[in-house]
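Colleague: Could you take me through the empty space in this model, with a close look at the enclosed part? Please spell out the cut-offs as you go.

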Amino acid sequence: MQRKPLIAGNWKMHTTIDEAESLAISIMESGLPGDRDVMLAPPFTAMKAVSQAVAGSGILLGAQNVCWEEKGAFTGEISPIMLKDAGCTMAIIGHSERRHIFGESDALVNKRVAGALKFGLVPVLCIGEKLEEREADKTFQVLEDQLRKGLEGISQEGADNIVIAYEPVWAIGTGKTATVDQAQEVHLFVRSLLADIYEKNIATGIRILYGGSVNPKNVDDLMGQEDIDGALVGGAALDSTSFSRIINFKVT
Ligand code: PEP
């Protein structure tokens, strides 16, 4: 099955509204190949402005987190309905910064995934091992745990609308990238787990992104791997020239 590549930019806690608008316009104007999807995840404050700036371009918008409830007493959270109202169709969930700085558990991540699906947002479920876990040979065990718990109770139809992002924590924002072999090995493992949880044809259709210091120099090799279907990009997504080059990756 041909999976459409997805290049996603996570802007984290960067950009004012004006800066976000300009960055989005530069990315849009640098040309978007039709055979791949592009998602931008600006801060919540800039979502609507970015949505208006890129209207009609095909660029997708993602949130950096999402609550499982539509509204109510959830101070500091963001509702899926509010996100959709601002032009958002996807949501990054379980990013390592949410898990490790803000203490989000697998159970909380799972609630967010279910909530996103319930309200029609595509979840981008992030999983990844820490350096000490890799060094202790626990990578596969940690990833299996995060994936199974993150997807608990999610039906086959739900899984059809999900994206997984493998982001080794030791490679995020550090300049260290997993080698293409390390990344492909994990992606293949994740796909086989998905085939075990769901059916093989569902697993074959799910996009698995790699994230962790992706840049214009390493993207072509990473995207040349059989089970790497896209990239979740942090630092390099804040520079329109770098991000455009990543969007325009070339597989030889
Ligand atoms: C990320 O934040 O998801 C990420 C992968 O960041 P960076 O590309 O900077 O490593």
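Modeller: Sure, terms go up front: on a 1 Å grid over the protein atoms alone, a cavity is a set of points where a 1.4 Å probe fits but cannot get out, while a pocket is an open set with protein on both sides within 12 Å along at least five of seven lines; lining residues have an atom within 4 Å of a point. Points are joined across faces, edges and corners, and a volume is the space filled by probe spheres set on them. This is a predicted model, where local features need pLDDT of at least 70 and side-chain atom pairs count only at pLDDT 80 or more, but totals for chains, interfaces and linings use all residues. Numbering starts from 1 along each chain as its sequence is written, and side-chain values use heavy atoms, with hydrogens and water left out.

Searching the whole structure turns up one cavity of 30 Å³ or more, and the largest cavity has a volume of about 30 Å³. Its lining is G94, H95, S96, R99, C126, I127, G128, E167 and V169. Two elements, α4 (96–100) and β5 (122–127), each give two or more residues to that lining; helices (H or I, at least four residues) and strands (E, at least two) are DSSP runs numbered from the N terminus. By class, the cavity lining has three nonpolar, four polar and two charged residues, where Ala, Val, Leu, Ile, Met, Phe, Trp, Tyr, Cys and Pro count as nonpolar, Asp, Glu, Lys and Arg as charged, and the others, Gly among them, as polar.

As for open space, the largest pocket holds about 510 Å³.
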